[in-house]
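Please consider the model shown below. The account that follows takes up its strands, helices and surface in turn.

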Amino acid sequence: MPAYNAASTLERTYDDIPRELVDEIILVDDVSKDGTADLARKLGITVFEHEKNLGYGGNQKTCYDRALELGAEYVIMIHPDYQYDARAIPAALRVLELGICDVVLGNRIRTRREALDGGMPWIKYMANRGLTMIENLMSGQNLGEWHSGFRAYRRAVLETVPYHKNSDDFVFDSQFLVQCVHFDYRLGDIPVPVRYFDEASSINFRRSTTYALQTLRTFLRWGLHKSGFRSTMFERDERDEPTKTPVTETT
């Protein structure tokens, strides 16, 4: 769980995680100011604390590094803001175990009515639909949405994708999925409920616009890479070692 100021929703997210299927729960705290790390420790979660704020993408890099170091065969990333339903973890895990997909996303937009009734703002719904349609066309995929904070990966995906070459900002998510497509991993999704409420995290319109433009730029970089203008974002470097982000571990 990549966390920043998630104290008000962390316990609810944690309570829904099926502990009988999960060997270890990791939370990386990106210098929260609301006691997120302290609460996580009280819940028995393995906590890693950044010494300085690294951003959403930077947080995920630490999450994946630590999960790999702990020997995880399957990794579930879920936002601790209770916007995504952790009870769907068994379904995502089963799809991976059966070898049907290598990457599974939680799709909040099964129907327009469900998305809007779940509190998703109309403007965010339209932006999500429009950008997802463009991304599917450019990538040859058919995902219900590309912008989910519920993601499940096989270990091989994290060992192959050069995610340390990605942004530390929100566009990290889009970059990671484009890289998965580039390396021929199979992507799929499962339906999850929509939960928008006051405590759930959400980026503002300006940052959403920046995110969309950076996502399109990622596809441009991918296209140029395939045309011969090489980008390290799409080149696996066997010599790369995960960046050792300064963190403090507590349990």
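Which residue in β2 is the bridge partner of Ala3? In this predicted model, that partner is Asp29. The pairing involved is that of strand β1, residues 2-3, with β2, and it is parallel and extends over two bridges. Between these two strands the chain passes through helix α1, residues 10-16, and the resulting β-α-β crossover is right-handed.

Strand β2 itself comprises residues 26-29, and its side chains are divided between two directions: Ile26 and Val28 point one way, while Leu27 and Asp29 point the other. This agrees with a general rule, since side chains in a regular strand alternate between the two faces of the sheet. Whichever way they point, all four of these residues are buried. Asp29, the partner of Ala3, is thus among the buried residues of β2.

Strand β2 is also joined to strand β3, residues 46-50, with which it runs parallel over four bridges. Within this pairing, Val28 is placed opposite Phe48 of β3. The connection from β2 to β3 leads through helix α2, residues 36-42, and this β-α-β crossover, too, is right-handed.

A further part of the model is an open sheet of four strands, arranged in the order β4-β6-β5-β7 with mixed pairing. Its edges are formed by β4 (74-78) and β7 (187-191), each of which pairs on one side only. On average, neighbouring strands of this sheet are turned by 20° against each other, when direction is ignored. In general, the strands of a sheet pair through backbone hydrogen bonds, in either a parallel or an antiparallel manner. The edge strand β7 and strand β5, residues 103-107, pair in the parallel sense, and five bridges link them. One of the residue pairs concerned is Asn107 with its bridge partner Pro191 in β7.

Helix α8, residues 172-182, is mostly covered, with 10 of its 11 residues buried. Among them are Phe172, Phe176, Leu177, Val178 and Val181, as well as Asp173 and Gln179. After α8 comes Asp184, in the loop that leads from this helix to β7.

What backbone feature does Asp184 have although it is not a glycine? Its phi is positive, at about 65°. Most residues other than glycine have a negative phi. Tyr82, likewise not a glycine, has a positive phi of about 65°, and Tyr82 is found in the loop between β4 and α4 (89-97). The two residues can also be described by their accessibility. Tyr82 counts as buried because its relative accessible area is 18%, under the 20% limit for that class. Asp184, in turn, counts as exposed because its relative accessible area is 66%, over the 50% that this class requires.

The surface of the model remains to be considered. Met133, Ile134, Leu137, Met138, Leu213 and Leu216 make a nonpolar surface patch of about 590 Å². Two elements, α6 (122-139) and α9 (205-226), give two or more residues each to the patch. Its largest share, four residues, comes from α6. An α-helix has 3.6 residues a turn, so residues three or four places apart point the same way. Met138 belongs to helix α6. Is Met138 buried, partly exposed or exposed? Met138 counts as partly exposed because its relative accessibility is 44%, which lies between the 20% and 50% limits.

Technical notes: Residues are numbered from 1 along each chain as its sequence is written. This is a predicted model: local features need pLDDT of at least 70, side-chain atom pairs count only at pLDDT 80 or more; totals for chains, interfaces and linings use all residues. Side-chain values use heavy atoms; hydrogens and water are left out. Buried means under 20% relative accessible area, exposed over 50%, partly exposed in between (1.4 Å probe, protein chains only). Two strands pair if DSSP finds at least two bridges between them. A crossover is right-handed if, with the strands pointing away from the viewer, the path from the first strand over the helix to the second runs clockwise. Patches are made of residues with over 30% relative accessible area and no salt bridge: like charges are joined within 9 Å, nonpolar side chains (Val, Leu, Ile, Met, Phe, Trp, Tyr) within 5 Å. Accessible areas come from the Shrake-Rupley method with a 1.4 Å probe; for residues, only the protein chains shown count as cover. A salt bridge is a side-chain nitrogen of Lys or Arg within 4 Å of a carboxyl oxygen of Asp or Glu. Axes are lines fitted to C-alpha atoms, for helices over the stretch in contact, and angles run from 0 to 180 degrees between N-to-C directions.
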